[in-house]
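Q: Could you take me through one small part of this protein in close detail, and then show me how that part sits within the rest of the chain? I'd love a connected account.

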Amino acid sequence: MYYSTVSSNYRVITRTNANRYLSKNTRIPDHVYGIATEAFQGKTMIHTVNFPNSLHRIGARAFLGCDSLKEIALPDHIAQIGPGAFSKCASLQQANIPGSLTDLPQGLFQENRKLHTVHFHPDCQIPTIRKNTFGDCKSLTSLVLPDSITNIEDRAFYRCRSLDSVYFPEGLKRIGGQAFYSCNFTSLELPASLEVLEDSAFFKCTQLKYVRLPENVHYIGKWVFHGCNRLETVEIRHDPEYVGPWIVNKSCTIRCYKGSKMDAYCDEYELKREYIGAESVVNE
């Protein structure tokens, strides 16, 4: 439960008592255990925040709209953060994620358009990047996801237009719908563990040129690579259980085995293909 009520002994900072701690360089005292929902929302005078190691929880939207906040370093023992806690912070450029967190909430950094650097602690055990966690972070260029990640939810990196490099850990199983909508990849290194690509997962990644899907991918949603106007080749060397409509534009070539499910798919959608032979590739 995220703090949203007035606390006793000021161990929790709320909207009611937040002004006593407010300054350009805000320092949260060592006795504070939690920061409540919307406690510092819209406080544009805040440039920096010094969090104590005693802090365990930050409520939903606690720092939403703190437009002068430039950097956050979360304390080592924090256990819980509410949705949108640092969203719409127009000046936020850098964030460090500690190893103590086991969940990144929805919309945590959404619409932080100057955010360019995010570091995950090596001991991070977060299993999921949730919806809109980094949505519209237009300055984010690269990211190393922790090895604990198994699921990337819908729109997690929606319209991160500068994002051209992501380390996808072995163990990742699912990439959600529109998760990387309109990102800046030229190629993808997807892990062998990947099983599911939901609808429009990489829709309108207009710099993308080549993709090879791992053979564990059994579900390919509709329009996964549609709108990727520069995409030349998608290589699929196996028969997925489900392939949705129009996974690529008609200008793209599918590389597959003759007689495979993907061969029949190319017939159905009148897509170009290249056959993978024992020693050569045959164009059709």
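A: Let's start with the surroundings of G176: leaving aside residues up to four places away in sequence, G176 touches I152, E153, D154, E198 and A201. This is a predicted model, so please read the contacts in that light. As for its address, G176 lies in the loop that runs between β14 (174-175) and β15 (196-197). Is this glycine buried or exposed? G176 has a relative accessible area of 0%, and because buried means under 20%, G176 counts as buried. For a sense of distance, take P122: 54 residues separate P122 from G176 in sequence, and their C-alpha atoms are 24 Å apart in space.

Now let's step back to the whole chain. The protein has 22 strands and 1 helix, and its C-alpha trace spans about 75 × 25 × 25 Å along the principal axes. G176 has plenty of company in being buried, as 51% of the 284 residues are buried too. Among contacts with a separation of 6 or more, 25% join residues 24 or more positions apart. On the outside, the protein exposes about 12,700 Å², with carbon and sulfur atoms supplying 44% of that area. The protein carries 32 positive and 30 negative charges, and the mean positions of the two sets are 11 Å apart.

Elsewhere in the chain, 4 strands make an open sheet with parallel pairing, in the order β1-β3-β5-β7. β1 (12-13) and β7 (80-81) each have a single partner strand, so these edge strands have one side left without a neighbour in the sheet. Within that sheet, β3 (residues 34-35) and β5 (residues 57-58) pair in the parallel sense over 2 bridges, and G34 stands opposite R57 in β5.

The helix, α1, covers residues 261-269, and its buried residues are M262, D263, Y265, C266 and Y269. Viewed down the axis of α1, these buried residues fall within an arc of 160 degrees, so they line one face of the helix. The general rule behind such patterns is that an α-helix has 3.6 residues a turn, so residues three or four places apart point the same way. And what covers that buried set? The cover over the buried residues of α1 includes β19 (242-243), β20 (253-256) and β21 (272-276). Just after α1, E270 takes a positive phi of about 55 degrees.

Definitions and conventions
Residues are numbered from 1 along each chain as its sequence is written. This is a predicted model: local features need pLDDT of at least 70, side-chain atom pairs count only at pLDDT 80 or more; totals for chains, interfaces and linings use all residues. Side-chain values use heavy atoms; hydrogens and water are left out. Buried means under 20% relative accessible area, exposed over 50%, partly exposed in between (1.4 Å probe, protein chains only). Contact means heavy atoms within 4.5 Å. Accessible areas come from the Shrake-Rupley method with a 1.4 Å probe; for residues, only the protein chains shown count as cover. Lys and Arg count as positive and Asp and Glu as negative; His and the chain ends are not counted. The place of a charge is taken as NZ of Lys, CZ of Arg, CG of Asp or CD of Glu. Two strands pair if DSSP finds at least two bridges between them. The arc is that of the directions from the helix axis to the C-beta atoms.
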